[in-house]
Amino acid sequence: MKILLRYCLLVFLCYPVSGGLVAPEAHASNNSINSVRIWPSPTNTRVVLDLQQQPKYSWFILQNPHRLVIDLADTKGDLDFAKIDNSSELVKKIRYSRPKANGDVRIVLELDKKVTPQIFSLQPTAPYGNRLVVDLPDERDSQRNMIEQPVNKRHQDIIIAIDAGHGGEDPGSIGRGGTFEKNVTLKVARELAKLVDGEPGMRSVLIRTGDYYLTPNRRPEIAREKKADLFVSVHADAFTQPQPNGSSVWVLSTGRANSELGRWLENTEQHSELLGGAAEVIQDTNNERYLTQALLDMSMDHSIATSYDVSRNILSELKGMMKLHKKSPQAASLAVLTSPDIPSVLVEVGFISNPKEEKNLNWRKHQQNLAQSIFKGIRSHFLNSPPDGTLWAKQRPKNRTHRVERGDSLSELALRYNVSVNNLKKANNLNTDIVRIGQVLNIPQS
Ligand SMILES: [Zn+2]
């Protein structure tokens with residue numbers, strides 16, 4: 001978290017984009033396409049190819065008519081594209097074409113307009129295997145949606161705003177080995193964004209996408225503009241002595257949240273932005289301030305409860321991979337955690353001032369593990385409490401169960417699944433608060 005020190009090196013990191021060409025081989029194809037998923041959204045259509053192995057691919061675009069052609073080396077072409085669900089207006093059809101070499105496969109996406117695709121492969125992460133992701137920006141849809149949809153209508157995806165701490169002229173803390181916090185945070189943030197984007201029904205927003213500076217206040221503002229369901233800020237800790245190590249997770253303190261709330265209430269112009277459609281409803285009444293306060297209070301209670309739940313989940317995932325500096329979520333008044341309306345957490349991914357952790361923080365695999373832990377913590381929160389109107393809320397299984405593990409208690413499970421202990425007992429005909437390991441509990445709707 002530490003503040004501004006010196007100028008830094010410019011480090012540009014890019015997502016893997018179009019792969020190189022691969023020499024054809026004259027044997028039976030090793031790779032195969034297991035399925036294709038098409039995810040249209042207001043701003044973009046994402047096509048995901050699930051593959052048996054890591055793809056070797058290349059691509060190009062053609063016009064008249066508009067097409068995107070993808071060549072996959074050493075891959076079988078036996079999946080029936082006619083059976084794929086496709087509600088995208090942009091992607092009219094997916095078909096095969098003659099491959100450039102035996103054993104390869106050539107896929108053609110017929111598009112209804114010219115686009116500039118972003119194509120990259122993703123490593124397996126449960127429950128998915130190897131994937132080739134094709135992102136096709138589709139601004140036309142977004143403009144039309146903005147006209148047709150009420151402003152307050154939420155996005156079907158759960159939006160995770162990921163904030164890489166520091167940047168540009170603010171390097172953050174600097175390790176003894178010369179590591180800049182701002183570079184580590186961006187790398188972990190990008191790994192986290194990849195995991196979020198690989199999860200159907202979730203979408204990431206990177207608050208900072210390169211090495212530049214944003215004020216701490218601007219960061220939650222961007223999250224609000226993007227209608228984020230969660231704001232996650234990634235930092236690395238530092239101390240004057242090399243010994244301290246481990247990770248910690250911070251949430252906005254209630255005191256700071258209250259003072260932010262007070263400040264916002266003074267500024268009536270912000271009300272409509274904060275309350276979405278609700279502000280229009282209450283605008284004409286004399287009770288505006290009172291109602292605004294009540295709505296913001298509810299929103300704040302919800303975001304603080306959510307922040308704590310996400311923090312606990314992240315900590316329990318981090319516990320499996322590294323030492324925890326603080327075992328429970330820490331409440332603080334931090335400049336970047338000032339949103340009473342958006343659940344916000346700040347993860348300190350270790351001490352950059354500790355030589356061993358500095359070394360780890362530079363290691364790609366460790367960055368990926370950190371991202372994985374943060375992602376799993378976020379994911380398990382939203383699996384249990386998907387925001388209304390999201391794909392996850394619609395797909396939420398009606399009959400949920402939980403197998404009791406060591407350390408589980410009724411009160412802790414009630415909290416985790418957002419149900420009352422009483423309802424939990426009723427749903428399982430329990431007369432006592434005692435549960436045994438291995439017992440399968442029905443989880444009622446909250
Ligand atoms: Zn920091």
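**Cores and a helix crossing**

The largest nonpolar core has 46 residues, and I160, A161, L192 and V232 are the ones that touch the most other members. Keep in mind that this is a predicted model. Here's the rundown on that core, a second one, and how α2 meets α9.

**The largest core**
- Several elements chip in at least two residues each: the strands β10 (158–164), β12 (230–237), β13 (248–252) and β15 (344–351), plus the helices α2 (181–197), α7 (288–318) and α9 (364–384).
- α2 gives the largest share of this core, with eight residues.
- As a general backdrop, nonpolar side chains tend to be buried together in soluble globular proteins.
- Leaving out residues up to four places away in sequence, V232 touches I160, A161, I162 and D163, along with V345, V347 and I374.

**A second core**
- There's also a separate core of 25 residues, with L49, L90, V91 and L122 among them.

**Where α2 meets α9**
- The axes of these two helices, α2 and α9, come within 8 Å and cross at roughly 50°.
- That angle is why α2 counts as oblique to α9.
- As for handedness, the α2 and α9 crossing is right-handed.
- On the α2 side, the contact involves K187, V188, E191, L192, L195 and V196.
- Facing them from α9 are Q367, Q368, L370, A371, Q372, I374 and F375.
- Sorted by type, the residues in this α2 and α9 contact come out as eight nonpolar, three polar and two charged.
- Two names here will look familiar: L192 is one of the core residues that touch the most other members, and I374 is among the contacts of V232.

How values were computed
Residues numbered from 1 in each chain as written. Predicted model: local features only at pLDDT ≥ 70, side-chain atom pairs only at ≥ 80, totals over all residues. Core = buried A, V, L, I, M, F, W, Y, C linked by C-beta atoms within 7 Å. Buried ≥ 20, exposed ≤ 12 C-beta atoms within 10 Å, placed from the backbone. Helix = DSSP H or I, 4+ residues; strand = E, 2+ residues; numbered from the N terminus. Contact = placed C-beta atoms within 7 Å. Axes fitted to C-alpha atoms, helices over the stretch in contact; angles between N-to-C directions. Parallel < 35°, antiparallel > 145°, perpendicular 65-115°, else oblique. Left-handed = near helix turned anticlockwise from the far one by under 90°. Nonpolar A, V, L, I, M, F, W, Y, C, P; charged D, E, K, R; others polar.
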